Amino acid sequence: KIRIENSKGEEITIDHQVKITCPITLTPLKYPVKGDNCKHLTCFDLQNYLVMNQKAKTFKCPVCNLKTF
């Protein structure tokens, strides 16, 4: 659970689960990252992402498909 305070000073609790596996390889995250443009909380593994983009060079998020930088 995440507790944050809104602009009115009220405490809000958010119950959210974040996966600890990479959506590219389904292996545990070693270096969790996400793109600058991503709005989601899901991370992917940096090493897997770089290997995936070694040839394709699209550099899009494997979760939301937006440019990562």
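## The segment after α1

K57 sits in the segment after α1. This is a predicted model. K57 has a phi near 55°, a positive value in a residue other than glycine. Is K57 buried or exposed? Its relative accessibility is 53%, so K57 counts as exposed; the cut-off for that class is over 50%.

F59 also lies in the segment after α1. Its phi is positive too, at about 50°, although F59 is not a glycine. Most residues other than glycine have a negative phi. F59 has 25% relative accessibility and therefore counts as partly exposed.

## Aromatic pairs and cluster

How many aromatic pairs are there? The count comes to three. One of them joins Y49 and F59. Their ring centres are 6.2 Å apart, and the planes meet at 65°. That angle makes the pair edge-to-face because the class takes planes over 60 degrees apart.

The Y49–F59 pair links distant parts of the chain. Y49 belongs to helix α1, residues 46-56, while F59 is in the segment after α1. The two residues are 10 residues apart. Y49 has 5% relative accessibility, so Y49 counts as buried. Its partner F59, at 25%, counts as partly exposed.

Which residues form the aromatic cluster? They are F44, Y49, F59 and F69, in one cluster.

## The nonpolar core

The largest nonpolar core has five residues. Three are cysteines: C22, C38 and C61. The others are F44 and Y49. F44 and Y49 are also members of the aromatic cluster. F59 counts as partly exposed, and a nonpolar core takes buried residues, so F59 does not qualify for one. In soluble globular proteins, nonpolar side chains tend to be buried together.

What does C22 touch beyond its neighbours within four places in sequence? C22 is in contact with T27, L29, F44, D45 and N48. Of these, F44 is a fellow member of the core.

## The isoleucine patch

A nonpolar patch lies on the surface. I2, I4, I12 and I14 make it, and its area is about 290 Å². Which elements give two or more residues to the patch? They are β1 (2-5) and β2 (11-14).

I4 is placed in strand β1. At 40% relative accessibility, I4 counts as partly exposed. Patch residues need over 30% relative accessible area, so a partly exposed residue such as I4 can belong.

Conventions: Residues are numbered from 1 along each chain as its sequence is written. This is a predicted model: local features need pLDDT of at least 70, side-chain atom pairs count only at pLDDT 80 or more; totals for chains, interfaces and linings use all residues. Side-chain values use heavy atoms; hydrogens and water are left out. Rings of Phe, Tyr and Trp (its six-membered ring) pair if their centres lie within 6.5 Å; planes under 30 degrees apart count as stacked, over 60 as edge-to-face and the rest as tilted. Helices (H or I, at least four residues) and strands (E, at least two) are DSSP runs, numbered from the N terminus. Buried means under 20% relative accessible area, exposed over 50%, partly exposed in between (1.4 Å probe, protein chains only). Patches are made of residues with over 30% relative accessible area and no salt bridge: like charges are joined within 9 Å, nonpolar side chains (Val, Leu, Ile, Met, Phe, Trp, Tyr) within 5 Å. Accessible areas come from the Shrake-Rupley method with a 1.4 Å probe; for residues, only the protein chains shown count as cover. A salt bridge is a side-chain nitrogen of Lys or Arg within 4 Å of a carboxyl oxygen of Asp or Glu. A nonpolar core is a set of buried Ala, Val, Leu, Ile, Met, Phe, Trp, Tyr and Cys residues joined through side-chain atoms within 4.5 Å. Contact means heavy atoms within 4.5 Å.
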